[in-house]
Amino acid sequence: MKYLIVGLGNKGPEYENTRHNIGFKVAEKIAETLDVSFNTTNFGWMAEGKYKGRKVFVLKPDTYMNLSGNAVRFWMQKENIPLENVLIITDDLALPFGTLRMKMKGSDAGHNGLKSINEMLNTPNYARLRFGISADFSEGRQVDYVLGTWNEEESEKLPERIEKFSKAGLSFVFAGINNTMSAFNGK
């Protein structure tokens, strides 16, 4: 069985430690856990490994957030990975900082990366792992907030949260989405 785990983010050093790039950070932790490295490839950086006998592709798209769907569709088709074996890791303004929520489907909730994936796959019915970044910004400052860096308190808690999200991502591969949702949601 093959799985595709996609961490959403934006390429470039100016975005590296922003809230919007938390998908990249979780993908990097998953690759580290699998003891594999990212290589430059079509539509981004890919790490390939095995987890409990299952082939896992971990992708960080280099398409920028708004075109993430191109990368997801390309790798699903290239590796013949079924939709039910795809997990998208993304930031979520609607959840308090560090909150973990895995869902089997859902709307894009205004997230341009998810919007692109929905359009390219012609469906919103894929697993997503949402990392709460909260909505601690004043009206009209959303872009500055999501593209801003973590505050001191968040930075201190990030390593533990990224570790938890990495475990949830790998649980999806081995235990399936329902068991993973039961074990990790809200934790």
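**Entry 1: Trp-150 and its partner**

I began with Trp-150, which is buried, with a relative accessible area of 11%. The model I am reading is a predicted one. I then looked up the ring of Phe-97: its centre lies 5.6 Å from that of Trp-150 and the two planes stand at 70 degrees, so I recorded the pair as edge-to-face. I noted that this pair joins distant parts of the chain, the two residues being 53 residues apart. Phe-97 sits in the loop between strand S5 (86–92) and strand S6 (100–103), and Trp-150 in the loop between helix H4 (142–146) and helix H5 (152–175). For Phe-97 I found a relative accessible area of 21%; buried requires under 20%, so I entered Phe-97 as partly exposed.

I next asked which residues ring pairs link into a cluster with Phe-97 and Trp-150. The cluster also takes in Phe-131 and Phe-165.

**Entry 2: aromatic pairs in the whole structure**

I searched the whole structure and obtained 10 aromatic pairs. One of them is formed by Phe-74 and Trp-75, with ring centres 5.2 Å apart; their planes are at 85 degrees, so this pair is edge-to-face. I checked the accessibility of both residues. Trp-75 is buried at 4% relative accessible area, whereas Phe-74 is partly exposed at 24%.

**Entry 3: charges over rings**

I looked for basic side chains over aromatic faces. Lys-60 lies over the face of Phe-24, 5.4 Å from the ring centre. Arg-128 lies over the face of Tyr-126, and here I noted 4.1 Å to the ring centre.

**Entry 4: the sheet**

I traced an open sheet of 7 strands and wrote down its order as S2-S3-S4-S1-S5-S7-S6, with mixed pairing. Its edge strands are S2 (39–41) and S6, each of which pairs on one side only. Ignoring direction, I recorded an average turn of 25 degrees between neighbouring strands of this sheet.

Within the sheet I followed strand S1 (residues 2–7), which pairs with S5 in the parallel sense over 4 bridges. Which residue of S5 stands opposite Val-6? I found Ile-88 there.

**Entry 5: helix H2 against the sheet**

Lastly I looked up helix H2 (residues 68–79). H2 lies across S1, S2, S5, strand S3 (44–51) and strand S4 (54–61). I recorded its direction as about 165 degrees to S1.

Conventions. Residues numbered from 1 in each chain as written. Predicted model: local features only at pLDDT ≥ 70, side-chain atom pairs only at ≥ 80, totals over all residues. Heavy atoms only, no water. Phe/Tyr/Trp six-rings, centres within 6.5 Å; stacked < 30°, edge-to-face > 60°. Buried < 20%, exposed > 50% of the residue type's maximum accessible area, 1.4 Å probe, protein only. Lys NZ or Arg CZ within 6 Å of the ring centre and 35° of its normal. Pairing = 2+ DSSP bridges. Axes fitted to C-alpha atoms, helices over the stretch in contact; angles between N-to-C directions. Contact = heavy atoms within 4.5 Å.
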